[in-house]
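Dear colleague,

I am passing on the structure below, together with some notes on what turned up when I went through it. Please read the notes with the structure open beside them.

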Amino acid sequence: MNILEFERNKPRETLKQINKLIKMSKELKKTVPKVSVCRTQDGWVTLSDSLNSMETELKKLKKIFKEGR
């Protein structure tokens with residue numbers, strides 16, 4: 001497969017998932033300093049939820065990638 005063929009047939013769902021993970025990562029970077037400063041239980045719950053959702057999205061990306069979509 002050459003580059004032009006890949007550009008025409010690139011996996012759209014994989015690209016969409018990667019962009020979603022990049023967005024989540026940026027949000028997480030903003031959340032972590034706030035959580036470390038506030039030191040409340042709610043802050044740690046927020047961080048834990050963010051990490052869990054990111055892990056879920058990574059698993060989806062792995063599945064989509066293996067399916068070649």
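Helix 3, which covers residues 41-67, has 27 residues, and at 1.5 Å a residue these should span 39 Å. Its end C-alpha atoms lie 39 Å apart in the model, which therefore agrees with the expected span. Please keep in mind here, and in everything that follows, that this is a predicted model.

Along helix 3, the residues that count as buried are Gly43, Leu47, Met54, Glu57, Leu61 and Ile64. Just after the end of this helix comes Gly68, which takes a positive phi of about 75°.

Glu57, one of the buried residues of helix 3, is a good place from which to look across to helix 2, which covers residues 12-38. Two residues of helix 2 deserve attention in turn.

The first to look at is Gln17, which is found in helix 2. Gln17 counts as buried, because its relative accessibility is 9% and the cut-off for a buried residue is under 20%. The side chain of Gln17 is joined to that of Glu57 by a polar contact of 2.5 Å. If the neighbours within four places in sequence are left aside, Gln17 is in contact with Glu57, Lys60, Leu61 and Ile64; of these partners, Glu57, Leu61 and Ile64 appear among the buried residues of helix 3.

The other is Lys20, which also has its place in helix 2. With a relative accessibility of 40%, Lys20 counts as partly exposed, because that class takes in the values between the 20% limit for buried and the 50% limit for exposed. The side chain of Lys20 makes a polar contact with the side chain of Glu57, at 3.5 Å, so that Glu57 has side-chain polar contacts with both Gln17 and Lys20. Lys20 can also be placed relative to Leu58, which is 38 residues away along the chain, while the C-alpha atoms of Lys20 and Leu58 are separated by 9.9 Å.

As for the chain as a whole, there are three helices and zero strands, and the elements run α-α-α from the N terminus on. The chain has 69 residues, of which 19% count as buried, and its accessible surface comes to about 5800 Å², with 59% of that belonging to carbon and sulfur atoms. Among the contacts between residues at least 6 apart in sequence, 76% join residues that are at least 24 apart.

With best regards

Methods: Residues are numbered from 1 along each chain as its sequence is written. This is a predicted model: local features need pLDDT of at least 70, side-chain atom pairs count only at pLDDT 80 or more; totals for chains, interfaces and linings use all residues. Side-chain values use heavy atoms; hydrogens and water are left out. Helices (H or I, at least four residues) and strands (E, at least two) are DSSP runs, numbered from the N terminus. Buried means under 20% relative accessible area, exposed over 50%, partly exposed in between (1.4 Å probe, protein chains only). A polar contact is a pair of N or O atoms within 3.5 Å; within protein, one must be able to donate a hydrogen and the other to accept it, and residues adjacent in sequence count only if both atoms are side-chain atoms. Contact means heavy atoms within 4.5 Å. Accessible areas come from the Shrake-Rupley method with a 1.4 Å probe; for residues, only the protein chains shown count as cover. The expected span of a helix is 1.5 Å times one less than its number of residues.
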